[in-house]
Amino acid sequence: MSDSELETPATPAPEEPEDRLDEDDRLRPDFVRRVLDRVDAGDTDGVRELVEPLHPADMADLFEIVDRDERQALAAAVSDLLDAEVFSEMNDWVREELIDALEPHEVADIAGQLETDDAVAIIEDMEEDDQRAVLRALDPDDRAAIEEALTFPEESAGRLMQRELIAVPEHWNIGQVIDYLRAGEGLTTDFWEVFVVDPQHHPVGTVQLSWILRTPRHIAMADLMRREQTLIPVDMDQEEVALRFQKYALISAAVVDEAGRLVGMITVDDIVHIIQEEAGEDVLLLSGAGEGDINEPIRDSYKARVRWLVANLGTALVASTIIALFGAAIEEMVALAVLMPIVASIGGNAGTQTMAVAVRALAVNQLTRSNTWRTIWREIRLALLNGVTIAILIGLGAGFVFSNAALGGVIAAAMLINIAVAGLAGVMVPVLLERLDQDPAVASSVFVTMITDSMGFLAFLGLAVASGLVG
């Protein structure tokens with residue numbers, strides 16, 4: 001027998017992480033293509049070989065990257081790898097799509113492995129009949145916790161909190177707490193602090209885990225605990241919860257019901273996701289793009305965007321009406337038609353700048369009733385400074401290009417007026433919407449654009465007529 005016949009086929013070397021991820025820790029396009037090629041070829045073992053080493057977050061990214069038509073086949077090939085951690089890392093739209101393809105008992109198995117807040121995130125978007133089927137398949141304790149969470153408003157602390165926490169009575173000493181943590185079965189394993197409660201289960205203090213480990217056993221918890229703590233009402237909006245974590249540099253916080261009893265806790269890892277979601281949501285709402293998720297169904301994206309385009313169409317008609325009133329003047333001097341868009345465009349940009357600052361300040365509680373007028377006065381002064389600068393530049397430029405000093409003066413004055421109005425509108429509109437309990441990020445751009453366009457055309461054309469530049 002020849003040496004070549006004795007040789008065994010070489011086993012392919014396992015892929016290194018750099019073969020799967022680029023320098024920014026994103027999945028490489030060629031890796032994604034290799035996975036899909038094996039899915040198309042029906043090579044289930046080959047798909048698992050490629051996907052199994054991935055971190056749950058990277059595996060979730062893989063499902064988000066591939067086309068919608070390819071996800072079910074990929075899920076079937078790696079079904080045993082799709083555990084609860086992968087689903088908890090997944091984009092909401094993609095997760096919902098995959099969950100819809102699972103049987104209720106399979107969803108229940110996944111939800112049962114998750115902390116309450118993550119399980120609620122999976123179940124809350126399901127159809128009511130599917131929800132009931134999944135809840136029936138859960139263990140009684142898990143079902144009771146999730147059903148309670150679903151009674152709270154969406155995007156509230158009650159939905160966000162997890163019920164798995166460590167709470168001990170205030171009369172215990174450190175030794176008793178340590179023994180309880182070591183012997184207690186079914187206790188959560190992920191926590192940074194222990195909550196101390198009174199006989200009515202009201203939180204009276206907290207003790208960091210590091211303090212417990214470094215303190216003699218005989219010391220009472222009441223002597224060690226920190227009594228000052230930030231308590232989160234169960235119905236508080238998640239955006240306000242995130243602001244409290246940011247303001248007070250919290251790692252975790254107790255959630256209390258209307259009677260002040262401890263019912264759960266929120267940890268900073270959940271808040272990181274909330275901060276990211278809320279920041280992205282505000283930016284997208286300012287543009288009228290809805291949720292703006294590239295995995296969102298086209299029909300939902302269409303409905304979210306088209307209504308704001310229709311609203312913009314209506315506000316644009318206001319500006320067009322103003323232009324129509326000065327039709328004769330525009331016909332007399334073509335330069336007016338050339339310069340009009342500049343006045344409206346610069347004013348719109350100035351308004352957008354101020355509006356973005358105001359919306360952000362409202363979102364992070366920098367702009368409150370206490371400093372509203374000071375902020376408005378600040379933005380007016382800033383707008384006047386910007387207006388003077390731009391007015392001088394455009395006035396000199398227009399006067400030189402059209403050899404008409406009067407035209408330069410008219411557009412300079414119009415530009416100053418429009419930028420000043422833009423600065424005022426950019427802060428006033430979000431503040432007024434917020435006072436009316438409306439989300440300033442949703443509708444501010446429509447009104448600010450209408451004001452700056454209309455005022456820009458009115459100021460420029462009106463001044464041109466009033467100055468005698470045109471008849």
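Select R68 first: in this predicted model, R68 is exposed, with a relative accessible area of 52%. Add E97 to the selection. The side chains of R68 and E97 meet in a salt bridge, with 3.5 Å from N to O. The two residues belong to distant parts of the chain, R68 to helix 6 and E97 to helix 8, and they are 29 residues apart. Unlike R68, which is exposed, E97 is buried, at a relative accessible area of 15%. Side chains of opposite charge can pair when their charged atoms come close.

**Helix 6**

Now select residues 68–77, which form helix 6. Which residues of helix 6 are buried? They are R71, L74, A75 and A77. Viewed down the axis of helix 6, these buried residues fall within an arc of 150°, so they line one face of the helix. Turn the view to the face directed away from this buried side, and the exposed residues D69 and A76 appear.

To see what covers the buried residues of helix 6, display its surroundings. The cover includes helix 3 (29–40), helix 4, helix 5 (56–65) and helix 8 (92–100).

**Helix 4**

One of these covering elements, helix 4, is the next stop; select residues 44–51. Here G46, V47, L50 and V51 are buried. They cover an arc of only 125° around the axis, which puts them on the same side of helix 4.

**Further salt bridges**

Return to the charged side chains. How many salt bridges does a search of the whole structure find? The search finds 17. Three further stops show how they are placed.

Select R159 and E124, whose side chains meet in a salt bridge at 2.5 Å, N to O. This pair links distant parts of the chain: R159 is in helix 13 (residues 157–160), while E124 is in the loop between helix 10 and helix 11 (128–137), 35 residues apart. R159 counts as buried, at 12% relative accessibility. E124 is partly exposed, with a relative accessible area of 26%.

Next select R132 and E128. The closest N and O atoms of this salt bridge are 3.0 Å apart. Both residues lie in helix 11, four residues apart, which is about one turn of the helix. R132 is partly exposed, at a relative accessible area of 40%, and E128 counts as exposed, at 55% relative accessibility.

Finally, select R33, D37 and D40 together; these residues are linked in a network of salt bridges.

**L114**

Move to L114, in the loop between helix 9 (104–113) and helix 10 (116–123). Is L114 buried or exposed? L114 is buried, with a relative accessible area of 13%. Residues up to four places away in sequence aside, L114 touches A84, E85, S88, A119 and I122. Show these side chains together with L114 to display the contacts.

Then add F457 and draw a distance between the two C-alpha atoms. L114 and F457 are 343 residues apart in sequence and 58 Å apart in space.

**A nonpolar patch on the surface**

Switch to a surface display and select V334, V338, F400, V401 and F402. These residues form a nonpolar patch on the surface, with about 530 Å² of accessible area together. Which helices each supply at least two residues of the patch? They are helix 21 (334–363) and helix 22 (372–401). Within the patch, pick V338, which lies in helix 21. V338 is partly exposed, with a relative accessible area of 47%.

**The whole protein**

Zoom out and colour by secondary structure. The protein has 24 helices and six strands. The radius of gyration is 31 Å, well over the 23 Å that the globule rule gives for 471 residues, so the protein is more spread out than a compact globule. Along the principal axes, the C-alpha atoms fill a box of roughly 95 × 80 × 45 Å.

Colour next by accessibility: buried residues make up 43% of the 471 residues. The protein exposes about 25,500 Å², of which carbon and sulfur atoms supply 55%. Among contacts with a separation of 6 or more, 65% join residues 24 or more positions apart.

Methods: Residues numbered from 1 in each chain as written. Predicted model: local features only at pLDDT ≥ 70, side-chain atom pairs only at ≥ 80, totals over all residues. Heavy atoms only, no water. Buried < 20%, exposed > 50% of the residue type's maximum accessible area, 1.4 Å probe, protein only. Arc of directions from axis to C-beta. Patch = residues over 30% accessible without salt bridge, like charges linked within 9 Å, V, L, I, M, F, W, Y side chains within 5 Å. Areas by Shrake-Rupley, 256 points an atom, 1.4 Å probe, with all protein chains shown as cover. Salt bridge = Lys/Arg side-chain N within 4 Å of Asp/Glu carboxyl O. Rg over C-alpha atoms; globule rule 2.2 N^0.38 Å. Contact = heavy atoms within 4.5 Å.
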